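The following exercises concern the strands, helices and burial of one structure. Each task is followed by a worked solution.

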Amino acid sequence: MKVLSKPSKAQVLAAMIVLSVVTSLLGQRAGQTMRNLVQPLLWLGRAPHYLATSLRANASAVGRKPLSPQAVEELAGENQSLRGQVAYWRGEAERSDRQARSLLKFQETYGPSKDLPCDLIPARVIGESALPYDLTRRVNVGGSQNVTSGSLVLLTDRSKALPSGLAAVTDSALAGRIIAAGAFTAQLQVVTDKQFDIAARILRLVDPNAPREVRSTRQGSAVSTLLTEQNNEPLDGQAVGNGQGGLTIKDIWRHANVLPGDLVVTHDTRFLPLEVRIGRVSQVQVDTMSPDRVTVTVRPDFDASLATEVFVVLPLKVDGPSGSKAGK
Amino acid sequence: MRWIPFVILVYLVILIQTTLGRVLTFSGGGLGMIGPDLAAIVAVFIALRLRDGTEVAIAAWTLGLAVDLTTPGGVGLVTAVGPMSLGYCLAVSAVYRTRDAFFRERPASQAMLTLMFCLIAHALWVSLQTVFAQGVTRSWGNYGEALVQAMLLSAYTAVLAPLGCWVLTRCERILIPVQAGRARRGRGRTW
């Protein structure tokens, strides 16, 4: 007696539809598990991804308006002045480097050894979401618009899933946070995503050529002083991705006089054991509801449209629901 | 339907969509990002060429699943797998039923049917994902925005559909064997 017969096409289709309904009802967690299984297949897509990265980088230069002769002249003058400043600051930097080297030598000789309590796991960007529902917009000052993704797929060298919530950095800036991970792959939520947030710290720059007046409260009365290295307290806030290629930090004291160009770094020791640069302040707007507060817009240093490699920061002691340290 | 070449085609389409796809993506101002759904073009092409409706639905389900598996973000923080394969099945059945009313070789027909396909599939996907995201993220606030984005995405995909169908016609013989009741060079049923 024939027990198992070949299923008909209609039966196969019915089974597929039932499977879709079941996986839909199982929700996001089951969906992510399935994605983790198939995402390594995108590994072959590295070549087109890098090709797309290269094309986009070159395409941003196309279509810009040519500069007028007057603008060219102004820029040449400005460049000349900047060259002079560069030479001056280079000299200053060399002097500082010499001092730092001598201090480092002293510290290495007599100080206690100190290392960052974390592993850096290299991860390659192998793709992004198939549909653009989580993409965000990045507007360049030059007028061209680049597309940056809200999430990227990473290929790691870890066969066990990394805990979610880990930070990912480039060699110079914060890239985002791992929101889901599986064997050899992980999902990176980039810093500009609307649902990304992190404790941040604004470091105001002290420029002797452009003194900055700040107001502080002493013994109950407001006092205006010039910002110096001595009274330059960092300003803490919560940086949230704005979905438009930047981050915003609300509720910053207006009289702290934050200006475009100030540095923004991370300030979350659970998330990252060290301060990592997020970006620079690009805009400061007075809060309409509370005029003594400002909202700061941050332009991140991380560019998702050009990213090819990031490092996942794995603290050596990971606390939380995800369990212990992920193994190799 | 030749399933092995079809699976390879699905893989290639998804690979292109997840990598080179962003070259074709642009900003729609305040309406979000607009990019093409290349898998939808393949589904519409198959719905126009294949005679067996069940095979068309199976192919669409496979394409929908592939899109689902490579679209982790969206309405919720992490989206569920399954709604897009259901959406593709539903949309392809609508295209399959209405295809007789169109001249399938005409670019305008291909664009129109792709628009219909994408509107059904993406509206269903956005709606289901919004429902599933409840309790995880506050997503109803973005529902209208995502629907408008889906409409623009559908229109954009429809514009690209004739070009996609032209490319797929070049490899039609690899995907679809000569079907009974078809003329030697015919593409479509002979009535």
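**Exercise 1. Strand partners of E16(A)**

Determine how E1(A) and strand E16 of chain A are joined, and in which sense they run.

Solution. In this predicted model, E1(A) and strand E16 (residues 309-315) of chain A run antiparallel and are joined by seven bridges. Within this pairing, A:Ile121 stands opposite A:Val312 in E16(A). Next, consider strand E5 (residues 167-169) of chain A: three bridges join E5 to E16(A), again in the antiparallel sense. Here A:Ala167 is the residue facing A:Val313 of E16(A). As background to reading such neighbouring positions, in a regular strand the side chains alternate between the two faces of the sheet.

**Exercise 2. The environment of A:Ser129**

Locate A:Ser129 among the elements of chain A, and decide whether A:Ser129 is buried or exposed.

Solution. Strand E1 covers residues 118-128 and strand E2 covers 135-139; A:Ser129 lies in the loop between these two strands of chain A. For burial, count the neighbours: 26 other C-beta atoms lie within 10 Å of A:Ser129. The cut-off for a buried residue is 20 or more, so A:Ser129 is buried. Finally, compare sequence with space: A:Ser129 and A:Gln187 are 58 residues apart in sequence, while their C-alpha atoms are 9.9 Å apart.

**Exercise 3. The barrel of chain A**

State which strands form the closed barrel of chain A, and in what order.

Solution. Six strands make up the closed barrel, in the order E8-E11-E12-E15-E14-E13, with antiparallel pairing. On average, neighbouring strands of this sheet are turned by 40° against each other, direction ignored. One of the pairs can be followed in detail: strand E8 (residues 197-203) and strand E11 (residues 235-241) of chain A pair in the antiparallel sense over six bridges. In this pair, A:Ala199 stands opposite A:Gln238 in E11(A).

**Exercise 4. Chain B and its helix H3**

Describe the elements of chain B, then test the length of helix H3 of chain B against the expected span.

Solution. Chain B has seven helices and two strands, arranged from the N terminus as α-β-β-α-α-α-α-α-α. Helix H3 of chain B comprises 17 residues (residues 53-69), and at 1.5 Å a residue these should span 24 Å. The end C-alpha atoms are 24 Å apart, so the model agrees with the expectation. H3(B) is also mostly covered, as 14 of its 17 residues are buried. For chain B as a whole, 51% of the 191 residues count as buried. Among its contacts between residues at least 6 apart in sequence, 74% join residues at least 24 apart.

Note on methods. Residues numbered from 1 in each chain as written. Chains lettered and ligands numbered in written order. Predicted model: local features only at pLDDT ≥ 70, side-chain atom pairs only at ≥ 80, totals over all residues. Helix = DSSP H or I, 4+ residues; strand = E, 2+ residues; numbered from the N terminus. Buried ≥ 20, exposed ≤ 12 C-beta atoms within 10 Å, placed from the backbone. Expected span 1.5 Å × (residues − 1). Pairing = 2+ DSSP bridges. Axes fitted to C-alpha atoms, helices over the stretch in contact; angles between N-to-C directions. Contact = placed C-beta atoms within 7 Å.
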